[in-house]
Amino acid sequence: MNVSTSVLRRLNIEALLRHAFTSGTFTAAEAMDATSLTRATVLGLCDELTAAGWIEEVEDSRTAGLSRRGRPARRHRLRSGAGLVIGVDAGRSGYRAMAADLRGTVLATGRRELDPDVVDRELRISTVQDLVREVREASASAAPLLVTVIGIPAPVDTRGRSPIDVGTFWRLMNSGFPEHLAGRVVVENDANLSALAEHGLHPEANMAALLVGERVGAGLIVDGRLLHGALGGAGEMRFLETVLQDDIGAEGVGSLARRWTREGLAAGRESPLLAALPAESLTAVDVFAAAQAGDALARDVLDRIGERIARIAAILVSLLGIERIVLAGAVASSLEPVLVRAREVLPDIAYAPFPELVASGLGRDAVVRGAIEHALSCLREDPLELLELLEPAELPDSP
């Protein structure tokens, strides 16, 4: 095989694999339309990739009830058990991991909770190593691990790097995971992964996912593309302190619920429901439940948070033309009353068109689900780069 033929063959295999990763079940005719390859080339590569274990032949079109006349079309699909991907949410205190097959079916999950005040880089690295090992073993899959994606609460550029000259927190969060894990390892911002998870469910071209727990961070998709910016700065919300001219900045829903409740109680506001709760364990969920029960202080706190969310939404719409904003994180399931207030406020502070404001249904799994989606997208974009690294798995060679 000369060099030009070898390069052409690589391109053909890559095109067919990319189609297999994105299409589900496909016929030769569908693969021809998607790849511009000839029928003979498609069928030949399907046979070879089937023998190599990357795709599989399924029931033909007649057996599947898709064709009644003529010769039934052969149908193939990516073999889900051909590989494994792992997603990790390496948060400040909570760690989650999932292992999934090549169709995104979750095979195993794991989690850890650590005291953030005692965590150092070594403990973060060892915790992620343990979780990856745990879910890989629990998946009961002998397939090779193709990609591991790790989400962290720090800005991350397209090369997995975070700023190192702005305090020590971001350096701690981005602990050099690729150097301590096997195979292809991708580090990404947690809000960006939340955006990818939500985009996979509702593929809007212009959308944002806001992680709104203790801090607010945004994952931004504009014109169908995830934004990173220099040093991963797109989606960092530190500008809020300047734009909104207060000392709150990027504080999240959880932090604001505690802050404003405590300030109200210290000022003498009556709140039998909230005053009865231990101040150190008060949560946003507690405040919103009290508001729904008619507590006046809790209602005021809820309204203030809704108004702040509305202002953040107005900024994102004005700057980026965002059409859908999803609020994500552990508190998401309790946010609908907050969003009701935000929707009421938007027409008073912004110009139409107004964005759709919704709460995520993914709960605490938003980041790790996004990590799985990102891992699969890495395979879809460049399957050969990853598959060629595997041993003993091999791509088919020419006869």
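Visitor: Let's start with T38. Where does T38 lie?

Guide: To place a residue, look for the elements on either side. T38 lies in the loop between α2 (28-35) and α3 (39-52). Keep in mind that this is a predicted model, so treat every value here as computed from that prediction.

Visitor: And is T38 buried or exposed?

Guide: In between. T38 has a relative accessible area of 46%, and exposed would need over 50% while buried would need under 20%, so T38 counts as partly exposed.

Visitor: Which residue does the side chain of T38 join in a polar contact?

Guide: The partner is T41: a polar contact of 2.9 Å joins the two side chains. For a sense of scale, take E204, which is 166 residues away from T38 along the chain. The C-alpha atoms of T38 and E204 are separated by 34 Å.

Visitor: What about E14? Is E14 buried or exposed?

Guide: E14 has a relative accessible area of 12%. The cut-off for buried is under 20%, so E14 is buried. You'll find E14 in helix α1 (residues 3-23).

Visitor: Which residues is E14 in contact with, leaving aside its neighbours within four places in sequence?

Guide: Those are D382, P383 and L384. Their numbers show you that a contact can link parts of the chain with quite separate numbering: E14 sits in α1, and its partners here are D382, P383 and L384.

Visitor: Now the sheets. What is the strand order in the sheet of 3 strands?

Guide: With a sheet, read the order across it, then the sense of each pairing. This open sheet runs β1-β3-β2, and the pairing is antiparallel. β1 (26-27) and β2 (55-58) are the edge strands, each with a single partner, so one side of each has no neighbour in the sheet.

Visitor: How many bridges hold each pair?

Guide: β2 and strand β3 (residues 75-78) pair over 4 bridges, while β1 and β3 pair over 2 bridges. You can pick out individual partners too. H76 in β3 is the bridge partner of E57, and F26 stands opposite H76 as well.

Visitor: Which helix packs on that sheet?

Guide: That's α3, which touches β1, β2 and β3. The direction of α3 makes about 110° with that of β2.

Visitor: And the sheet of 5 strands, what order does that one have?

Guide: The order is β6-β5-β4-β7-β8, again an open sheet, with mixed pairing. Its edges are β6 (106-113) and β8 (184-189). Each of those edge strands has a single partner strand, so one side is left without a neighbour in the sheet. From one strand to the next, the twist averages 15°.

Visitor: In what sense do β7 and β8 pair?

Guide: Strand β7 (residues 145-152) and β8 pair in the parallel sense, over 6 bridges. One spot to look at is V149, which stands opposite V186 in β8.

Visitor: Which helices lie across these strands?

Guide: Helix α4 (residues 121-138) lies across β4 (84-90), β5 (94-100), β6 and β7, and runs at about 150° to β6. Then there's α13, which lies across β4, β5, β6, β7 and β8 and runs at about 140° to β4.

Visitor: How do I read two helices packed together?

Guide: Two packed helices are described by the angle between their axes and the distance between the axes. Take helix α6 (residues 190-201) and helix α13 (residues 366-381): the axes come within 7 Å and cross at roughly 70°. That angle makes α6 roughly perpendicular to α13. Among the residues that meet are D190 and L193 in α6, and R369 and E373 in α13. By class, this contact has 6 nonpolar, 3 polar and 3 charged residues.

Visitor: What about α8 and α10?

Guide: The axes of helix α8 (residues 253-266) and helix α10 (residues 284-292) come within 8 Å and cross at roughly 60°. That makes α8 oblique to α10. V253, G254, A257 and T261 of α8 make the contact with A284, V287 and F288 of α10. The class count here is 5 nonpolar, 2 polar and no charged residues.

Visitor: How many helices and strands does the chain have?

Guide: There are 14 helices and 13 strands. Of the 399 residues, 48% count as buried.

Key
Residues are numbered from 1 along each chain as its sequence is written. This is a predicted model: local features need pLDDT of at least 70, side-chain atom pairs count only at pLDDT 80 or more; totals for chains, interfaces and linings use all residues. Side-chain values use heavy atoms; hydrogens and water are left out. Buried means under 20% relative accessible area, exposed over 50%, partly exposed in between (1.4 Å probe, protein chains only). Contact means heavy atoms within 4.5 Å. Axes are lines fitted to C-alpha atoms, for helices over the stretch in contact, and angles run from 0 to 180 degrees between N-to-C directions. Angles under 35 degrees count as roughly parallel, over 145 as roughly antiparallel, 65 to 115 as roughly perpendicular and the rest as oblique. Ala, Val, Leu, Ile, Met, Phe, Trp, Tyr, Cys and Pro count as nonpolar, Asp, Glu, Lys and Arg as charged, and the others, Gly among them, as polar. A polar contact is a pair of N or O atoms within 3.5 Å; within protein, one must be able to donate a hydrogen and the other to accept it, and residues adjacent in sequence count only if both atoms are side-chain atoms. Two strands pair if DSSP finds at least two bridges between them.
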